[in-house]
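Before setting up any calculation, look at the charged pairs and the packing. This report walks through both.

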Amino acid sequence: MKKIFKYSVLSALTVLSCQLANAQWTGPKVKPTEKKEVKYGTLTPKHRTDPAMEKFRDYGLGQFIHWGLYAIPGNEWEGVSARKGAAASEWIRTWSGETAPKDWKKTYDNLYKKFDPKDFDANAWAKQAKDMGAKYMIFTTKHHDGFALWPTKYSDYNITKSPYKKDIVKEVVDAYTAQGIDVYLYFSVLEWNNPDYLTKEPQTEEEKKKYNKFLQYTKNQLMELLDLYPEIKGFWFDGTWDQSWVKAYDFTYNLEKELRAKHPGLIIGSRFRNDEFGKRHFDSNGEILGDYEQGWERKLPQEYEWLDGNDWDAVMTIPPNGWGYMKDWSGLYTKTTDDLLDMLMQTVSMNGNFVLNFGPDGNGLMHPEEDIIAKELGDWMKVNAEAVYGVRHVDLPKTKLGYYTQKDKNLYLTVFNRPVHNIARIAVPKKSTEVPIKAVLLANGQELKVSHSDIGLDLDKNTYYDVIIPSDFQSNRAFVIKMELGQPSKSSEKLMDAKM
């Protein structure tokens, strides 16, 4: 019995260590202890300095749109919810078990015959995104079901076979580009109903032949998207975790080369491919595979250091895990505008972009709660945008009041937790050559009093600058204090520290 228990514990620890080694997005990354020779590693420098990548770093706020055949059922069918049978609304084709409708996959695969979004207006979507403050958007060209929202030459399972017929991807790209919003295209490699797709590594000659056909098909579609929509700025890849794709590292390495050669400046996330050792997102030496970390999905880093200097974005849903349209939001915690503002400012304070997801219905209309949130975010951004766009991480001690961002000589504090005494106390290292010397409220332009408070805490490496918030200033949402940085008028007093 003791021996069995011993082996069980060892087995559990082995599994746990493997999980931790691959937990790229729940804590600090595990650094490889030995350097390997990697032939299929990264193709671009870690910190690209070209205009396209610099613009990516300045976006701050983006929009994701998940739209496809899954918008028709809205995560339910004939009055029965799929919540307990399918992980998320856009995964409803995988619905199985006792609650699943009879012949459900066949029913789903024929939904394209009903896809005719009468209220779809790409210009209205783009205007809403512009008013919300989005600087870029990511749009689903095709999800795991394989249905293409553009008139692809390489598959009959596309928008031209639906009653709608028109090129939805073109409508979206044109509308958002006209509003000055950069467009990125979501593309799922995985296709559930493609006869040539395999989940496992191909073994037999027949399997290899089939999967090679699928690989060429995937390449053709990606090249086609670049030909049809040259305005796009990048790809957001999904469905790249199966062993079939992982083992095709030579093909995917060369495909990335071809995509970049065809579209100089193209931005590709870390989810596209892996190295020859099967390492995804980061190669076997810990180097990022792509231009930015694509693993912060419905989660945020708690520490800036976890990012290791990589560019990144956070993609976030409003319901817990609903990307595509969900008819019924009842019984679920749906994120409030204040929740999302907090996540936005945490993200940009760590040099990331925050991308909020919308899931339009089968007619092309946003969920009513999405409309409300878009309006409220937009109202806030109209006042406080300069604390969001083009800002960078601030190397100051963390504050309990909210989040710091900085642009040039301007330091921004977005206050989520207003102090009861109305003193926003800014901790600054005593050796700093730049400290807050002036402050205003972005909400109304009111100048605020700034005073130096040398508190004299034992062994404290910081000194403090107090910004006084007017007691008559009222705000029912987070607000921003903008501070001008300049030289301190005097150095901090040198006090004797206690000997212990």
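What follows covers salt bridges, nonpolar cores and two single residues in a predicted model.

**Salt bridges**

The structure holds 32 salt bridges. Three of them are set out below, each with its N to O distance.

| Pair | N to O distance | Accessibility of the basic residue | Accessibility of the acidic residue |
|---|---|---|---|
| R83 and D328 | 3.7 Å | R83, 31% | D328, 35% |
| R271 and D238 | 3.1 Å | R271, 9% | D238, 8% |
| R425 and D466 | 2.7 Å | R425, 36% | D466, 5% |

Take R83 and D328 to begin with. Their side chains meet in a salt bridge at 3.7 Å. R83 sits in the loop between β3 (80-81) and α3 (104-109), and D328 in the loop between β9 (312-316) and α9 (337-348), so this bridge ties together parts 245 residues apart in sequence. R83 is partly exposed. D328 is partly exposed too, at 35%.

The pair R271 and D238 bridges at 3.1 Å. R271 belongs to the loop between β7 (267-268) and β8 (293-297), while D238 is in strand β6 (residues 234-238), so the link spans parts 33 residues apart in sequence. R271 is buried, with a relative accessible area of 9%. D238 is buried as well, at 8%. Both values fall under the 20% cut-off for burial.

In the pair D466 and R425, the closest N and O atoms are 2.7 Å apart. D466 lies in strand β17 (residues 462-468) and R425 in strand β13 (residues 423-429), so two strands are tied together across 41 residues of sequence. Is each partner buried or partly exposed? D466 is buried, at 5% relative accessibility. R425 is partly exposed, at 36%.

Salt bridges also join into a network. It links R48, D50, E256, R260, R273 and D291.

**Nonpolar cores**

In soluble globular proteins, nonpolar side chains tend to be buried together. Here, the largest nonpolar core has 103 residues. F139, I168, Y176, F235, L259 and L344 have the most contacts inside this core. Which helix gives the most to it? Helix α6 (residues 205-228) does, with 8 residues.

L259 shows the packing in detail. Leaving out residues up to four places away in sequence, L259 touches L222, M223, L226, F235, F237, L266 and F272. One of these, F235, is also on the list of residues with the most contacts inside the core.

A second core is separate from the largest one. This second core has 21 residues, among them L413, V415, I426 and V467.

**Two single residues**

T347 is in helix α9. T347 is buried, with a relative accessible area of 0%. A polar atom of the T347 side chain lies 2.7 Å from the backbone oxygen of M343. Beyond its neighbours within four places in sequence, T347 contacts L300, W312, A314, G352, N353 and F354.

V383 lies in helix α10 (residues 368-384). Its relative accessibility is 38%, so V383 counts as partly exposed. Setting aside neighbours within four places in sequence, V383 is in contact with L442 and A443. What separates V383 from F479 in sequence and in space? The two are 96 residues apart in sequence and 9.0 Å apart in space, C-alpha to C-alpha.

Methods
Residues numbered from 1 in each chain as written. Predicted model: local features only at pLDDT ≥ 70, side-chain atom pairs only at ≥ 80, totals over all residues. Heavy atoms only, no water. Salt bridge = Lys/Arg side-chain N within 4 Å of Asp/Glu carboxyl O. Helix = DSSP H or I, 4+ residues; strand = E, 2+ residues; numbered from the N terminus. Buried < 20%, exposed > 50% of the residue type's maximum accessible area, 1.4 Å probe, protein only. Polar contact = N/O pair within 3.5 Å; in protein donor to acceptor, adjacent residues only side chain to side chain. Contact = heavy atoms within 4.5 Å. Core = buried A, V, L, I, M, F, W, Y, C linked by side-chain atoms within 4.5 Å.
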